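Visitor: I've got this one open on my screen and I'd like to know what sits behind the labels. Can you take me through it?

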Amino acid sequence: FSSATSTAGKLHTTEDSEVTYTAETSLRFTLTMAQALDIGRWDLEYEFNNTAHRTDLNGLDRLVVRRGQTFTISLHLRSGSFQPGSSPFSIIVETGPCSTESTGTRAVFGLSSSVDETCWSASASCPDGRTVALSICSPPDAPIGRYSLDLDQGHRVSLGEFVLLFNPWCPRDEVYMDSEEKLREYVLSQDGIIYQGSYKYPVGTPWNFGQFEYGILDACLRILNENPKFLRNPEEDCSARRNPVYVTRVLSAMVNCNDDRGVLFGRWRDDYADGVNPMSWRGSVEILRNWDANACQPVRYGQCWVFAAVACSVSRALGIPCRVITNYMSAHDTNSNLVIERYVDENGHSTQGSKDMIWNYHCWVESWMTRPDLQPGYDGWQASDPTPQEKSEGVFCCGPVPLKAIKEGEITFKYDAPFVFAEVNADVHTYMKYRDGKVEKIIGSTQVGQNISTKSVGSDRREDITHLYKYPEGSSEERETFKRAEHKNKLLQQGPDTGLDIKIKPAGDMKKGCDFDVLAIVTNKTDASKMCRLMFFSRATSYNGILGNDCGYKDLLNLQVGPGEEKRVPLRLNYCKYGGNITEDNLIRVAALLKDYSNNDVILTVRTIVLENPDIKIKILGEPKENRKLAAEITLQNPLPDTLEGCCFCVEGANLTGGKTITETLGSPVGPGQEAKVKVYFTPTHFGLRKLVVDFHSNKLGHVKGYRNVIIGK
């Protein structure tokens, strides 16, 4: 039968339709001999099913269900009645362009007395004799994606389509998570916090994941269909979509565009004229919609937190519990030796000598799933990284790899364990290159894998999850981990104790626009006086460790430190010097190089400091209610001694701004100390806790982020 759809989008009729007979199976022939149901119309019960399957935020205009859970549709009979056992029919579900029963992408099944939650099954009841309640259940390992749903009683009736997602509420599903609170955070929450800044000063930045906004699920399904594995072998790819490990690896490759028609184009230099500065993004919705609307052309531009956030949005949309994490002092080991080699000249300035890098921070995602492909004990959080850094199996992707494998040094485990292990555990060797060409190893204090952070469940607090990736520095477990990873113990590589210690510490607040001091604290732990040379310098830096221009320098040729004495040497950082050099990352790398004249030992310590942006104040005007217009007053005070021009506020929020960005531009400049203020209006579409995310930009003060939690009443 061909069906006609009512204006309500739910009711379908078989009137005035053609009948097509096909002899497909003996089961179908048997059905033609039985009494066929005279179906006048049917209802896929979008609202009831989507609400029961926790997919109602995707909308109520189509059927979106989760695997391993029953959904119910209504068949309204035009005449006759339904008699269990005497009105047999079969149901056909298919996904992908080349569906077959052997691959699990096609299933034909009849009615049973009750549904079986381990396989495709159906049962039916008819309390009033005229409306058949047809209950259908998919297996908990069914491939996810778009499905057609047909009824066959000797002739085939297309009942429509549905989307099948992973089901983390189903104990038999490989993505099952047994905490309702965590499921609200890692699957249903449409906003969150991503951490930037430095490990000494983590800065939380709001992000609108928006996985339930209009059109986002369709874009996520399109990502799967644009993946090269699908294009090469659709049947095999669609069948493999039952496996969250496979899907997560596909997403890791498809969120970047290096090998395919992926979502984001990465750029790490300050040239974004033909696209969008990565600092400008406030959420994933605009990115995914732009990619989908522009024939899968990559969206320009992304950096690590943008890649990770988009991957998180897609994972949550498909039903995989997911979170964004930040690894501070993140190593990029290019030659797979688990060692980061850094070179400085005699003045302590970094020189080219290795492609290895240490990023001030790097973001990736963790997804929750079992790992039946590995030995027992490695289920749970799996790290994957969509930022294109190194190739894996010929493609720019990384993971998923169990966090436990990283912690235990099991670097042979799938996928890409050595690379992730190095990001959080690599040793750092620092060498000094002298003018005469001699290269000498010096004592350094850099440790990678610091303060690994993510948003806490149910609150905006930061959760430190470093313990999930590594044992405490210097512990016996850590030494055993390195031995297992066939890597030397860090403690054996730190060199002898020189009796001198040097640390870098800010003297006070480090607010952008202000002058402030940074201290080099030199401690002599010996009984003899020490004469030293101290070179204390600072340079602007980007989050991925690329150094910029000088921000301040001091060279003390003869610094005497008495026995047991602690000396504090200040370095003044003036806005007039650093203001024009720093990037929008607001980072300055401060380094202190100390040379002991008595034995020529050299000690280098490095610290990245974060300049504080001003706060954005957001005041909600009126009582927040569902489908009621609301206003927000947004204010920022100019902290700079410069006048700000071209001031602009951009505002968005899941279920607050209709999936769009509200932009308000000020018509006049904002002088030093003055306030930039706007009022925006929006209409919330769903009740509950939501985040209103704000970005401020101007010619001198760029991409300041702020947010306000808003509780929307029913």
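**Reading the labels**

Guide: Sure. Let's start with Asp-191, which lies in strand β12, residues 191–198. Bear in mind that this is a predicted model.

Visitor: Why is Asp-191 called buried?

Guide: Buried means under 20% relative accessible area. Asp-191 has 7%, so it is buried.

Visitor: What makes the pairing of Lys-691 with the side chain of Asp-191 a polar contact?

Guide: The cut-off is a pair of N or O atoms within 3.5 Å, one able to donate a hydrogen and the other to accept it. Here the backbone nitrogen of Lys-691 lies 3.1 Å from a polar atom of the Asp-191 side chain, so the distance fits. Lys-691 also turns up among the residues that Asp-191 touches, along with Trp-207, Asn-208, Phe-209, Arg-316 and Arg-690, leaving out residues up to four places away in sequence.

Visitor: Which residues carry the "active site" feature?

Guide: UniProt, in an unreviewed entry, puts it at Cys-304, His-362 and Asp-385. They are spread over 82 residues of sequence, yet they cluster in space, with a largest C-alpha distance of 9.7 Å.

Visitor: How do you know whether Cys-304 is buried or exposed?

Guide: Its relative accessible area is 0% and the limit for buried is under 20%, so Cys-304 is buried. Cys-304 is found in helix α9, residues 304–318. Among the residues it touches are His-362, Trp-268, Trp-359 and Tyr-543.

Visitor: And Asp-385, what makes that one count as buried?

Guide: Same kind of check: Asp-385 has 2% relative accessibility, and under 20% is buried, so the label holds. Asp-385 is found in the loop between β20 (380–384) and β21 (391–392). Its contacts include His-362, Ser-252 and Glu-423.

Visitor: Why is the pairing of the side chains of Asp-385 and Gln-389 called a polar contact?

Guide: The distance is 2.9 Å. The limit is within 3.5 Å, so that pair qualifies.

Visitor: How confident is the predictor in the protein, going by mean pLDDT?

Guide: The mean pLDDT is 90, and 92% of the residues reach 70 or more. Over residues 13–34, though, the pLDDT is below 50, and this stretch has 41 contacts in the model beyond near neighbours in sequence. Residues 487–495 are also below 50, with 23 such contacts.

Visitor: What should I do with low-pLDDT coordinates?

Guide: Where pLDDT is low, don't read the predicted coordinates in detail.

Terms used
Residues numbered from 1 in each chain as written. Predicted model: local features only at pLDDT ≥ 70, side-chain atom pairs only at ≥ 80, totals over all residues. Heavy atoms only, no water. Helix = DSSP H or I, 4+ residues; strand = E, 2+ residues; numbered from the N terminus. Buried < 20%, exposed > 50% of the residue type's maximum accessible area, 1.4 Å probe, protein only. Contact = heavy atoms within 4.5 Å. UniProt positions renumbered as here; feature names shortened; annotations may be inferred. pLDDT = per-residue confidence, 0-100.
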